[in-house]
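Work through the exercises below with the sequence and the coordinates open. Each task is followed by a solution in steps.

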Amino acid sequence: MCWLAWAVCGVGWAAAAAADDVVALRQQYNQVSASIDTLVRLYGGDKLRELAKRKEDSRLLPANSKLVLIFWADDEAELFLNGHRIGETRLTPIRVEIPVVYLLRSNILRAHCWDTDRVESGFMAGLYLQDGRGRLRKVLATGDGHWWVDGQRAEPRFYNHSLPDIPRAEVIWGTTLFGEVELEARFDAAQLARAARRRPLTGAASAAQHQSMETHMVVSRLVHLQKQRDELAQKLHVRRSATQDVLYQGFVRGRLAFSLGKASRLAEVESIDAARKLLAWTEALPAAQRELVFPQKQALKGTSHVVPQRAVVGTARGEADRRRDYAPPAARGSAKGEGRATGSGRQQSSTRSVRIGRSAPWELWGIATGLLFYLGMVSRQWWKLFSAKGWTS
């Protein structure tokens with residue numbers, strides 16, 4: 001009978017191990033599905049589905065050319081091409097290669113910029129064609145009359161501090177100082193063709209951080225997740241049984257249940273549909289446009305730190321100080337704190353120090369009085385304690 005008991009135990013252990021394996025696979029499947037759902041919600045399922053319907057038109061870019069965007073902002077900016085997010089910057093020049101699949105016959109390049117440090121505000125960008133030898137030909141750049149803000153042409157403004165060398169680009173902003181602005185430029189296939197016939201720009205642009213287009217990274221991530229989900233689904237199908245086929249629906253009637261809180265229930269059907277379409281779309285694209293790249297992201301302060309707008313005083317102009325070895329300045333104070341040590345900043349700092357110096361004696365007297373009162377109360381309590389009968393010898 002012993003061998004029978006061992007056999008029963010062995011079958012039980014095998015069943016338990018198989019159940020644990022199925023549970024682990026189900027957990028991975030749910031995690032992948034939740035990740036897909038989150039990305040589709042953040043970047044818009046409709047936009048991703050619309051992107052999956054496009055057919056690559058290599059004629060939009062001249063032969064042996066790449067479309068490169070170099071941009072910089074003081075203090076922060078995020079850029080979009082035809083509604084698809086390109087990337088973001090904070091006081092650092094960024095260089096992004098835009099895959100041809102995101103181009104249309106007529107394109108809109110939009111920059112959402114804001115100031116956080118109450119020092120200076122400005123935005124620079126240049127869109128170029130890069131040939132096989134790395135030479136750049138300008139398509140459009142800030143300051144050339146192609147950029148608009150609030151229905152008016154964005155005009156160059158004098159910038160007092162050092163700048164990155166973005167070829168043929170000048171600093172632009174809105175009609176006020178600081179604040180938050182939306183800058184927009186349009187270009188079409190004809191402009192790209194004309195740019196290809198121009199002479200390459202002389203000199204080299206200053207060093208910029210190379211990044212991949214953010215939407216392209218999201219698409220690559222979704223494709224990777226969808227492939228992983230399909231593999232997990234096949235493994236679960238092999239181990240399928242009537243008691244293990246349980247899918248989380250986002251809600252149950254009982255009070256003790258898992259939930260997604262304010263994120264609402266999983267929209268698995270909609271998100272997986274978008275991911276599947278993107279997977280089929282990317283499989284037909286060139287391998288160079290399907291690279292999965294995840295660069296280190298910059299930490300932005302965000303629009304909650306936007307400095308209030310201020311009217312422009314004067315229209316002084318001067319030659320910008322451009323340096324090829326531009327480096328972003330050290331972290332500066334927020335809109336609610338200190339700015340750079342400009343003349344007005346030093347004056348405000350000295351004024352604050354004078355005010356603190358005048359009010360310091362009163363604060364010290366208040367602290368001393370409170371401390372003496374506290375010591376008096378503590379001494380009185382200790383005196384009562386030691387003078388009690390329980391302490392007498």
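**Exercise 1. Helix α3 and its cover**

Task: Determine what covers the buried residues of α3, and on which side of the helix they lie.

Solution.
Step 1. The cover over the buried residues of α3 includes β1 (66-74), β6 (122-130), β7 (136-141) and β11 (180-188). The model is a predicted one.
Step 2. Helix α3 spans residues 189-197, and its buried residues are A189, Q191, L192 and A195.
Step 3. These residues lie on the same side of α3, because the arc they cover around the axis is only 160 degrees.
Step 4. In general, residues three or four places apart in an α-helix point the same way, because there are 3.6 residues a turn.
Step 5. Look also at the start of α3: the backbone nitrogen of A190 has a side-chain oxygen of D188 within 3.2 Å.

**Exercise 2. The β6-β7 hairpin**

Task: Describe how β6 and β7 pair, and state how many residues of β7 are buried.

Solution.
Step 1. The pairing of β6 with β7 is antiparallel and runs over five bridges.
Step 2. For one opposed pair, take Y128, which faces K138 in β7.
Step 3. The two strands make a hairpin with five residues between them. In its turn, G134 has a positive phi of about 85 degrees.
Step 4. Of the six residues of β7, five are buried, which leaves the strand mostly covered.

**Exercise 3. Strand β2 in its sheet**

Task: Find the place of β2 in the order of its sheet, and decide whether the strand is enclosed or open to the outside.

Solution.
Step 1. Read the order of the open sheet of six strands: β3-β2-β5-β11-β8-β9, with antiparallel pairing. At its edges are β3 and β9 (152-153), each of which pairs on one side only.
Step 2. In this order β2 stands between β3 and β5. With β3 (residues 84-90), β2 pairs in the antiparallel sense over six bridges. With β5 (residues 106-114), the pairing of β2 is antiparallel over six bridges.
Step 3. Place the opposed residues. E76 is opposite R90 in β3, and F80 is opposite R85 in β3. Towards β5, L79 is opposite A111.
Step 4. Close the link between β2 and β3: they form a hairpin with two residues between them, and N82 in the turn has a positive phi of about 55 degrees.
Step 5. Check both faces. E76, E78 and F80 are buried on one side, and A77, L79 and L81 are buried on the other.
Step 6. β2 (residues 76-81) is therefore largely enclosed by the rest of the structure, since six of its six residues are buried.

**Exercise 4. Two buried polar residues**

Task: For E78 and then S121, establish whether the residue is buried or exposed, and list the polar contacts of its side chain.

Solution for E78.
Step 1. E78 lies in β2. Its relative accessibility is 16%, so E78 counts as buried; the cut-off is under 20%.
Step 2. The side chain of E78 makes a polar contact of 2.5 Å with that of R85, and another of 2.8 Å with that of H112.
Step 3. Leaving out residues up to four places away in sequence, E78 touches R85, G87, E88, R110, A111, H112 and W114.

Solution for S121.
Step 1. S121 sits in the loop between β5 and β6. With 4% relative accessibility, S121 counts as buried.
Step 2. The side chains of S121 and R157 are joined by a polar contact of 3.3 Å. A polar atom of the S121 side chain lies 3.2 Å from the backbone nitrogen of F178.
Step 3. Beyond four places in sequence, S121 touches D74, D115, R157, W173, L177 and F178.

**Exercise 5. The chain as a whole**

Task: Summarise the chain, and state which stretches have pLDDT below or under 50.

Solution.
Step 1. The chain has six helices and 13 strands. Of its 393 residues, 37% are buried.
Step 2. Among contacts with a separation of 6 or more, 82% are between residues 24 or more positions apart.
Step 3. The accessible surface is about 24,000 Å², with 56% of it belonging to carbon and sulfur atoms.
Step 4. Mean pLDDT is 75, and 66% of the residues reach 70 or more. Residues 254-267 have pLDDT below 50, and this stretch has 18 contacts beyond near neighbours in sequence. Residues 337-358 stay under 50, with 13 contacts beyond four places in sequence.

Key
Residues are numbered from 1 along each chain as its sequence is written. This is a predicted model: local features need pLDDT of at least 70, side-chain atom pairs count only at pLDDT 80 or more; totals for chains, interfaces and linings use all residues. Side-chain values use heavy atoms; hydrogens and water are left out. Buried means under 20% relative accessible area, exposed over 50%, partly exposed in between (1.4 Å probe, protein chains only). Helices (H or I, at least four residues) and strands (E, at least two) are DSSP runs, numbered from the N terminus. Two strands pair if DSSP finds at least two bridges between them. pLDDT is the predictor's confidence in each residue, from 0 to 100. Contact means heavy atoms within 4.5 Å. Accessible areas come from the Shrake-Rupley method with a 1.4 Å probe; for residues, only the protein chains shown count as cover. A polar contact is a pair of N or O atoms within 3.5 Å; within protein, one must be able to donate a hydrogen and the other to accept it, and residues adjacent in sequence count only if both atoms are side-chain atoms. The arc is that of the directions from the helix axis to the C-beta atoms.
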